[in-house]
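Work through these exercises with the model open. Try each task before you read its solution.

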Amino acid sequence: MHRSRQLNVVRPAEVDFALQSRLEQTKQESFFAVIHQDFSEISMRAGILGVGFMGWIHYLAYQRSTQAELVAFASRDPKKRSGDWREIKGNFGPPGEQIDVSSLNVVESLDAMLEDDSIDLIDICLPPHLHADAIRRCFQSGKRVLCEKPLALDAVTAQALAAEAKPGQLMVAHILPIMPEFKILVDAAGDGRWGKPIAGRFKRTISPPDWIPDFYDREKVGGPLVDLQVHDAHLIRLLFGMPAAASCAKQCKDGTPKFYETVFQFEDPSLVVSVGGGVIDSPARGFTHGYEVSFEKATLQFEFAAYADGSTASIPLTIMNADGSVERPTLGDGDPISGFVEEIDAAAKTVSGSDVSPILDAKTAADALSIVEMQL
């Protein structure tokens, strides 16, 4: 298979990238096996459906994977089918390039990939309003699916898709818990190194997303809650369980929440969890995300922001222990594509017969949308 040259990329500015705090240690160990086990003998043949920003990011990840092979992609755009992806831009990673398509099965529609018996998995990178139909067509053809988040535009549809899938057939690409600065929270909640998570404050804000048509259309993209905050909703679900209710202060655009601050209520009244963010009316700061999460014996803090002039600002991952000591561990290589490689490799493990990683679980992805809908 054609392998693209290695690219130098910037530290992640967005992802668009597992267990509940009460999960048993055995489940946590199972998760580690999915993400870290060497399965170099395992191969998954995949086809990408949809060549936009996330399709490009997934393409880069396949070039680096040793467990999965990209063998096909589908696009309605003849220019992209010819390999010209240079107009693709997003808010992290490198811009699109001219790619070599000579070794790929390049088609115009999903139907053509579904007819290809050599393809194990369809990697869906379509706009969100097209996810449900594409997933169901894959189910009918017996294909496995890795669907970019959000699973659907509403929780009811997402829950139905999760229920319709056969075991191991549907996975959802929620990248955040695989990113090192966020993965440490999931790991700690699972292994109890600092006790249970007891509080969390999360933020995720972007400049106007002019590269996403119909961003505020609830029938196509869903706005910043569905497209953006779903990352944090998914992480909150993994760390603290399912909220019982939410109180949300928000500004709206055309009836869709644009900027918001939310406090969640849980069955355990001692949990204090909030999330804020959305879209600011300036292109000066393209993106920021971060958190402050308290466990019984430590508080963790992280924040990253990227600005239009190319500068960045950050609070590196900082661990404030109950004894007063401070740690600043070095995590990962700072390459935003690395997490997507791990995500695809985890999907390959499932294709080989293992259970779905809790991070890619479709029911948890549907719960994240239920959390989002509490704030609408």
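**Exercise 1. Find the helix that holds Glu-342, and decide how covered Glu-342 is.**

Step 1. Glu-342 is found in helix 9. Helices here are DSSP runs of H or I with at least four residues, strands are runs of E with at least two, and both are numbered from the N terminus.

Step 2. Glu-342 has a relative accessibility of 27%. Buried means under 20% relative accessible area, exposed means over 50%, and partly exposed lies in between (1.4 Å probe, protein chains only). Therefore Glu-342 counts as partly exposed.

Step 3. Look across to Ser-65. It sits 277 residues from Glu-342 along the chain, but their C-alpha atoms are separated by 8.1 Å.

Two notes on the source. This is a predicted model, in which local features need pLDDT of at least 70 and side-chain atom pairs count only at pLDDT 80 or more, while totals for chains, interfaces and linings use all residues. Residues are numbered from 1 along each chain as its sequence is written, and side-chain values use heavy atoms, leaving out hydrogens and water.

**Exercise 2. Describe helix 9 from its span to its surroundings.**

Step 1. Helix 9 covers residues 336-351, 16 residues in total. From first C-alpha to last it reaches 24 Å, close to the expected 22 Å. The expected span is 1.5 Å times one less than the number of residues.

Step 2. Count the covered residues. In helix 9, 14 of 16 are buried.

Step 3. Check what follows the helix. Just after helix 9, Gly-353 takes a positive phi of about 125 degrees.

**Exercise 3. Classify the aromatic pair of Phe-240 and Phe-266.**

Step 1. The whole structure holds 10 aromatic pairs. Rings of Phe, Tyr and Trp (its six-membered ring) pair if their centres lie within 6.5 Å; planes under 30 degrees apart are stacked, over 60 edge-to-face, and the rest tilted.

Step 2. Phe-240 and Phe-266 lie 6.2 Å centre to centre, with 50 degrees between the planes. The pair is tilted.

Step 3. Place the partners. Phe-240 is in helix 8 (residues 223-240), and Phe-266 is in the loop between strand 9 (256-265) and strand 10 (272-279). They are 26 residues apart.

Step 4. Test for burial. Phe-240 is buried at 6%, and Phe-266 counts as buried at 10%.

**Exercise 4. Which strands stand at the edges of the open sheet?**

Step 1. Write the order of the 8 strands: 8-9-10-7-11-12-13-14, with mixed pairing. Two strands pair if DSSP finds at least two bridges between them.

Step 2. Strand 8 (245-253) and strand 14 (326-327) are at the edges. Each has a single partner strand, so one side of each lacks a neighbour in the sheet.
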